[in-house]
Amino acid sequence: MELCVRASSLLLGLLLQLLSSVDVVSAAQKFGINYGQIANNLPDPTQVAGLLQSLNVNKVKLYDADPKVLMAFANTGVEFIIAIGNENLQSMAGNPGAARQWVTQHVQPFLPATRITCITVGNEVFSGNDTGMMASLLPAMKAIYAAVGELGLGGQVTVSSAHSVNVLATSFPPSSGAFREDLAQYIQPLLDFHGQTNSPFLINAYPFFAYKASPGSVSLPYVLFEPNPGVRDPNTNLSYDNMLYAQIDAVYAAMKAMGHTDIGVRISETGWPSKGDEDEAGATVENAAAYNGNLMQRIAMNQGTPLKPNVPIDVFVFALFNEDMKPGPTSERNYGLFYPNGSPVYAINTGAGGVSGRTGPFDPYSAQMFSSASRLAVRTASLTLLLLVLPLLSSFSC
């Protein structure tokens with residue numbers, strides 16, 4: 001009798017342990033990643049698809065609409081943001097037919113197998129001096145939005161554009177966030193568009209740049225999400241322990257000043273370089289691992305900002321690979337989490353547990369990082385085991 005009870009208890013315990021592991025996997029919050037391709041040594045997109053499925057990543061942002069990438073990720077469940085380059089804005093703004101042709105060619109053929117959920121029209125258009133391009137941005141976005149709707153894709157695909165955080169004239173204290181006055185004529189109608197279409201406002205934010213510019217006055221722990229006294233917004237009395245959250249809330253404040261509290265903010269790019277030139281303070285492997293590792297911990301915690309604590313931060317890390325052909329300082333070629341051969345640039349310390357309950361270095365090939373397909377497989381296996389175990393449990397009629 002005692003043996004039967006032990007056996008049944010053991011089987012039931014094993015089953016419950018497996019089922020609980022599904023909950024742990026399901027709870028793991030996934031981050032997005034930017035997949036840039038300005039390099040001559042990157043792996044084939046099919047290999048990249050396999051790599052990302054082994055990671056805790058279910059969102060990818062491209063800087064184009066590379067058909068090889070989109071085909072490689074078919075039926076993986078990974079969500080994609082694809083992009084229209086700045087060079088196409090003026091032609092699309094004045095030619096709705098061109099916008100429709102682009103959507104017909106670069107979006108429609110890949111749905112629904114590849115989950116394209118957003119199209120970014122232009123990137124950091126307001127960072128330059130081309131007023132013609134600035135004036136073309138919203139008309140181009142409207143043309144793409146109209147094309148998406150006409151083709152019956154409106155329920156699946158949103159339209160947005162990514163902006164540098166430098167569109168803000170004021171970012172601290174966060175409650176005083178305000179857009180640059182010279183951009184108001186473009187940003188006000190842009191925000192109206194986002195409000196009408198329920199699409200997010202995308203920001204590229206790099207606390208690294210602030211530290212690089214003033215390493216003597218900007219706190220390194222503050223920008224790396226490390227323990228620090230924090231700073232308090234005197235207007236709201238909210239406390240901030242990192243710069244990225246302050247920047248996000250400054251964008252919310254800037255939008256509110258223009259009459260919009262109905263638009264979400266997504267971080268379309270953020271990251272930290274593992275290497276830089278001599279004058280690029282802070283560009284080290286240790287700091288890159290700390291920034292991205294601490295950020296991933298907060299994503300896993302479903303953490304929100306002080307202003308919006310119940311809205312989990314939505315972040316795309318920059319970048320997947322080091323890209324050897326990017327122009328500019330050395331740091332530009334060293335933002336990647338991986339080398340082109342697929343090996344990690346550094347280990348990321350996941351800290352004290354988080355959702356997975358594990359500690360120690362982040363292993364990019366670890367089994368704790370499940371894709372949506374893997375979670376489905378685990379659930380299926382669990383249900384199968386349940387069907388097998390229940391008859392066994394009932395057979396113990398000692």
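A residue counts as exposed when its relative accessible area is over 50% and as buried when that area is under 20%, with partly exposed in between. Keep that in mind as you visit these close-ups of a predicted model.

**Figure 1. Asparagine 237 has an unusual backbone angle and an exposed position.** Let's begin with asparagine 237, which counts as exposed because its relative accessibility is 52%. Look for asparagine 237 in the loop between strand 9 and strand 10 (239-240). Its phi is positive, about 65°, although the residue is not a glycine. Most residues other than glycine have a negative phi.

**Figure 2. Phenylalanine 225 also has a positive phi.** Here phi is near 65°, again in a residue other than glycine. Phenylalanine 225 sits in the loop between helix 9 (220-223) and strand 9 (231-232). Is phenylalanine 225 buried or exposed? With a relative accessible area of 6%, phenylalanine 225 is buried.

**Figure 3. Two peptide bonds in this model are cis.** Most peptide bonds are trans. The bond from phenylalanine 172 to proline 173, however, is cis, with omega near -5°. Proline 173 belongs to the loop between strand 6 (168-170) and strand 7 (178-179). The bond from phenylalanine 318 to alanine 319 is cis too, with omega near 10°. You can find alanine 319 in the loop between strand 12 and strand 13.

**Figure 4. Tyrosine 145 and phenylalanine 193 meet edge-to-face.** How many aromatic pairs does a search of the whole structure find? The search finds 17, and one of them joins tyrosine 145 to phenylalanine 193, with 5.7 Å centre to centre and 85° between the planes. Tyrosine 145 is in helix 6 (residues 131-150) and phenylalanine 193 is in helix 7 (residues 184-197), so this pair ties together parts that are 48 residues apart in sequence. Tyrosine 145 is partly exposed, at a relative accessible area of 37%, whereas phenylalanine 193 is buried, at 4%.

**Figure 5. Tyrosine 206 and tyrosine 335 form an edge-to-face pair.** Their ring centres are 5.7 Å apart, with 75° between the planes. Tyrosine 206 lies in the loop between strand 8 (201-204) and helix 8 (207-213), and tyrosine 335 in the loop between strand 12 (315-317) and strand 13 (348-349), so the pair ties together parts 129 residues apart in sequence. Tyrosine 206 is buried, with a relative accessible area of 10%, and tyrosine 335 is buried at 3%. Both tyrosines belong to a cluster linked by ring pairs, whose members include Phe225, Tyr245 and Phe318.

**Figure 6. Charged side chains sit over tyrosine rings.** The charged end of arginine 298 is placed over the ring of tyrosine 245, 5.6 Å from its centre. Lysine 308 lies over the face of tyrosine 252, at 4.8 Å from the ring centre.

**Figure 7. Helix 5 and helix 6 pack together.** Two packed helices are described by the angle between their axes and the distance between the axes. For helix 5 (residues 96-106) and helix 6, the angle is about 55° and the axes are 8 Å apart. That angle makes helix 5 oblique to helix 6, and their crossing is right-handed. The residues in contact include Trp102 and Val103 of helix 5 and Ile144 and Ala147 of helix 6.

**Figure 8. Serine 136 is a buried residue of helix 6.** Its relative accessibility is 11%, so serine 136 counts as buried. Which residues does serine 136 touch, not counting those up to four places away in sequence? They are Leu89, Gln90 and Ala93.

Technical notes: Residues are numbered from 1 along each chain as its sequence is written. This is a predicted model: local features need pLDDT of at least 70, side-chain atom pairs count only at pLDDT 80 or more; totals for chains, interfaces and linings use all residues. Side-chain values use heavy atoms; hydrogens and water are left out. Rings of Phe, Tyr and Trp (its six-membered ring) pair if their centres lie within 6.5 Å; planes under 30 degrees apart count as stacked, over 60 as edge-to-face and the rest as tilted. Helices (H or I, at least four residues) and strands (E, at least two) are DSSP runs, numbered from the N terminus. Buried means under 20% relative accessible area, exposed over 50%, partly exposed in between (1.4 Å probe, protein chains only). A charge sits over a ring if NZ of Lys or CZ of Arg is within 6 Å of the ring centre and within 35 degrees of the ring normal. Axes are lines fitted to C-alpha atoms, for helices over the stretch in contact, and angles run from 0 to 180 degrees between N-to-C directions. Angles under 35 degrees count as roughly parallel, over 145 as roughly antiparallel, 65 to 115 as roughly perpendicular and the rest as oblique. A crossing is left-handed if the near helix is turned anticlockwise from the far one by less than a right angle, and right-handed if clockwise. Contact means heavy atoms within 4.5 Å.
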